[in-house]
Amino acid sequence: MDIISEVFEPTPENQRPYRNALGSFSTGVTVITTMTDTGPVGMTANSFASVSLEPPMVLWCPAKTSDRLEAFAPAQHYAIHVLRHDQHALALEFARRADAFDLVDRQDGANGAPIFDDCLARFECTTAATHDAGDHVIMVGNVTHVLLKTGAPLIFAQRDYGTFAQGI
């Protein structure tokens, strides 16, 4: 197998190779949900990370160009659902439409954010801070409730979905 390497500066002209380089880092896939005056809103995101164990905090980063940012930016509460390996279709549907709740058994969480139990893990959050970050917003949340189940996660890498193969 030939190994191809490329060295470049991350300029606007090199946005695709830059995105490809970022895609070399595998991430989990989440659906983030919040409640608005007009009802529940959800979106698929892979920009999720742990921030702190004490206090328990996480972050995620919606794009400023997302039409759903206006629902999440002022939100005091939201829930982050980590998807299982077999929930690729759910990830795609929440990426397409904010109201894909017809595909899950939704209820209201302890803080009022829409939640569903059919996921690998769930973090119910209260907004702690938001930070401007280029073409994204960093949303930091204090975790107030957690659901954890067993199973394999849905992974996103190199512009494709898959799962984790153990023992490789």
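Q: Where is the place of G112?
A: In this predicted model, G112 sits in the loop that runs between β7 (106-108) and β8 (114-116).

Q: Why is G112 called partly exposed?
A: The relative accessibility of G112 is 28%. Buried requires a value under 20% and exposed a value over 50%. The value of G112 meets neither condition, so the residue counts as partly exposed.

Q: How far from G112 is P74, C-alpha to C-alpha?
A: The two C-alpha atoms are 14 Å apart, and along the chain the residues are separated by 38 positions.

Q: What makes G39 count as buried?
A: G39 belongs to strand β3. Its relative accessibility is 14%. The limit for buried is under 20%, so G39 falls in that class. Its C-alpha atom is 9.3 Å from that of P114, a residue 75 positions away along the chain.

Q: Why is A121 called buried?
A: A121 is part of strand β9. With a relative accessible area of 9%, A121 is under the 20% limit and therefore buried. Between the C-alpha atoms of A121 and P153 there are 9.3 Å in space, while the sequence separation is 32 residues.

Q: How do you know that C119 is not bonded to another cysteine sulfur?
A: The closest cysteine sulfur belongs to C125, and it is 12 Å from the sulfur of C119. A disulfide needs the two sulfur atoms within 2.5 Å, so this pair is too far apart for a bond. C119 is also buried, because its relative accessible area of 1% is under 20%.

Q: How many disulfides does a search of the whole structure find?
A: The search finds zero. C61 is one cysteine without a disulfide: the nearest cysteine sulfur, in C125, is 13 Å away. That distance is not within 2.5 Å, so the pair does not qualify.

Q: What makes W60 and F72 an edge-to-face pair?
A: Ring centres must lie within 6.5 Å to form a pair, and those of W60 and F72 are 5.1 Å apart. Planes over 60 degrees apart count as edge-to-face, and here the planes are at 80°, so the name applies. The pair joins distant parts of the chain: W60 is in strand β5 (residues 57-60) and F72 in helix α2 (residues 69-72), with their positions 12 residues apart. W60 and F72 are both buried.

Q: Which residues do ring pairs link into a cluster?
A: The cluster consists of W60, F72 and Y78. In total, the structure contains six aromatic pairs.

Q: How do you know that R106 lies over the face of F101?
A: R106 is 5.9 Å from the ring centre of F101. The distance has to be within 6 Å, so R106 satisfies that part of the test.

Q: What joins E54 and P55?
A: A peptide bond in the cis form joins them, with omega at about 0°. Most peptide bonds are trans. P55 is placed in the loop between β4 (48-52) and β5.

Q: What sign does phi have in Q158?
A: Phi of Q158 is positive, at about 50°, although Q158 is not a glycine. R159 also has a positive phi, near 60°, and is a residue other than glycine. Most residues other than glycine have a negative phi.

Q: Where does Q158 lie?
A: Q158 lies in the loop between β11 (154-157) and β12 (160-163). R159 is found in the loop between β11 and β12 as well.

Q: Why do Q158 and R159 count as exposed?
A: Exposed means a relative accessible area over 50%. Q158 has 60%, so it counts as exposed. R159 has 59%, so the word applies there too.

Q: What volume does the largest pocket have?
A: The volume is about 1,400 Å³. The lining has 34 residues, and the closest to the pocket centre are R19, N46, S47, H136 and F156.

Q: Which elements give two or more residues to the lining of the largest pocket?
A: They are α1 (15-22), β1 (27-28), β3 (39-45), α3 (88-96) and β9 (121-133). The most comes from α1, which gives five residues.

Q: How do the residues of the lining of the largest pocket divide?
A: There are 17 nonpolar residues, 11 polar ones and six charged ones.

Key
Residues numbered from 1 in each chain as written. Predicted model: local features only at pLDDT ≥ 70, side-chain atom pairs only at ≥ 80, totals over all residues. Heavy atoms only, no water. Phe/Tyr/Trp six-rings, centres within 6.5 Å; stacked < 30°, edge-to-face > 60°. Helix = DSSP H or I, 4+ residues; strand = E, 2+ residues; numbered from the N terminus. Buried < 20%, exposed > 50% of the residue type's maximum accessible area, 1.4 Å probe, protein only. Lys NZ or Arg CZ within 6 Å of the ring centre and 35° of its normal. 1 Å grid on protein atoms, 1.4 Å probe; cavity = no way out; pocket = protein on both sides within 12 Å on 5 of 7 lines; lining within 4 Å. Points joined across faces, edges and corners; volume = space filled by probe spheres on them. Nonpolar A, V, L, I, M, F, W, Y, C, P; charged D, E, K, R; others polar.
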